[in-house]
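Trainee: Can we go through this one together, term by term? I'd like to see what stands behind each label.

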Amino acid sequence: EIPLKYGATNDGKRQDPAMQKFRDNRLGAFIHWGLYAIPGGEWNGKVYGGAAEWLKSWAKVPADEWLKLMDQWNPTKFDAKKWAKMAKEMGAKYVKITTKHHEGFCLWPSKYSKYTVANTPYKKDVLGEMVKAYNDEGIDVHFYFSVMDWSHPDYRYSIKSEEDSIAFSRFLEFTDNQLKELATRYPTVKDFWFDGTWDASIKKNGWWTAHAEQMLKEMLPGVTINSRLRADDNGKRHFDSNGRLMGDYESGYERRLPDPVKDLKVTQWDWEACMTIPENQWGYHKDWSLSYVKTPIEVIDRIVHAVSMGGNMVVNFGPQADGDFRPEEKALATAIGKWMHRYGEAVYACDYAGFDKQDWGYYTRGKNGEVYMIVFNQPYSERLVVKTPKGISVEKAALLGTGEEMNVVETARNEYNISIPEKSPDEPYVIRLKVRAAKGTKGIYRDALT
Ligand SMILES: C[C@@H]1N[C@@H](C(=O)NCc2ccccc2)[C@H](O)[C@@H]1O
């Protein structure tokens, strides 16, 4: 054991009600909204294929020139109630909002920066309106906060001199002030998702990351904090020098997911993935033809994949500068919501089932021990193979929705064929299994001698 002052604080998964709500929520929506939505990936007549919220970087725009975009911030179509209805219809139980992205523009009227909504033609506290509207729909609000801040003269990527160190201390104090301001102004916030914490300057100040976590937890009992904030005494991130997860849930699965066979280690801790609809666009980009855009079923597959391994999934939306959403995102939210309305029982408050992954799709397990089969790939054999853990037998199988009983045929020790629905559901569907701790399978099974 390496002695640490700023290492992991949790011993295993948190089991308090706030964390259980975080976990049971399972499906979230990300909102990436900032000045970057105005240019939408184009600068001086050139369209950049990289992430639109990084346009300042791709087009090498100086901070003062970039922040002049504030003069154009006037989302006349913004209607927080409509945004909340869209999230509700999608079946998102929580929404993560970019309070401040790397550009430094604050969606709330921070008194510690001049780069805020208060100093734009629109003036209004859009963050406050969103928090109220989502909460009024029963949707939890999480805050995304970028520590790296391209607008602040005291930000440093590395600490190479005493001057750097003094400037960065001022920057960390500024950051503390903004975090306290957010926690004070919006006390119903349930989570802080830190980003922009990969630079050497942060890794060298692991103490501060531990302090920020502790400060927020003292101000907002129950609040959850992502592992990406954290660096330990030795600059180790996410997992400390003793391999223990820092923060309350692992937040490294950004636009990727753990392998359902090779990466089962993730079932030992809480984790949350986040994903984009195009290949890599978080903020609004005017041209989605530049990369592949995922279909609703491809998004639903990723949501179920995450839950099947004990994780949450956050699906990203990049609102337009005018405060409305692009048609593709509205259609996606509707399609996801239709499916979640029918089959959400296999997602919400569900977890890893402990069954070996099969080709037809994913398993999840509900709180009362029911096991769900979420079928994405129906085999030509018309039989869905289920291999149960030792000592577990399948008693019954029923199609979610119609309740149609599926045939359960024991084919070998701990192996079953489940029949497919009489009439194709024409969409990924869910079979609920009733399983039992078996007394011991029939004596007919004997392993071959080889
Ligand atoms: C959740 C996402 N994380 C931010 C991000 O900076 N990701 C890592 C990254 C690092 C370097 C170039 C592009 C992107 C993206 O802008 C989103 O906010």
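Mentor: Sure. Let's start with a crossing: α9 passes α10 in a right-handed way.

Trainee: What makes the crossing of α9 and α10 right-handed?

Mentor: The near helix is turned clockwise from the far one by less than a right angle; anticlockwise would make it left-handed. Before going on, note that this is a predicted model, where local features need pLDDT of at least 70, side-chain atom pairs count only at pLDDT 80 or more, and totals for chains, interfaces and linings use all residues. Residues are numbered from 1 along each chain as its sequence is written, and side-chain values use heavy atoms, leaving out hydrogens and water.

Trainee: Why are α9 and α10 called oblique to each other?

Mentor: Helix α9 (residues 296-308) and helix α10 (residues 327-343) cross at roughly 55 degrees, and their axes come within 10 Å. Angles under 35 degrees count as roughly parallel, over 145 as roughly antiparallel, 65 to 115 as roughly perpendicular and the rest as oblique. So α9 and α10 are oblique.

Trainee: What makes α6 roughly parallel to α8?

Mentor: Helix α6 (residues 162-185) packs against helix α8 (residues 206-219) at about 20 degrees, with the axes 10 Å apart. That angle therefore makes α6 roughly parallel to α8. Here too, α6 passes α8 in a right-handed crossing.

Trainee: Now the ligand. How do you know which residues surround the ligand?

Mentor: A residue is near a molecule if one of its heavy atoms lies within 4 Å of it. Among those around the ligand are His-32, Trp-54, Asp-195 and Trp-282.

Trainee: What makes the pair between His-101 and the ligand a polar contact?

Mentor: A ligand oxygen is 2.7 Å from an N or O atom in the His-101 side chain, and a polar contact is a pair of N or O atoms within 3.5 Å. Glu-254 qualifies as well, with a polar side-chain atom 3.2 Å from a ligand nitrogen.

Trainee: How much of the ligand does the protein bury?

Mentor: Taken alone, the ligand exposes 420 Å², and the protein buries 79% of that (Shrake-Rupley method, 1.4 Å probe).

Key:
A polar contact is a pair of N or O atoms within 3.5 Å; within protein, one must be able to donate a hydrogen and the other to accept it, and residues adjacent in sequence count only if both atoms are side-chain atoms. Axes are lines fitted to C-alpha atoms, for helices over the stretch in contact, and angles run from 0 to 180 degrees between N-to-C directions. Helices (H or I, at least four residues) and strands (E, at least two) are DSSP runs, numbered from the N terminus.
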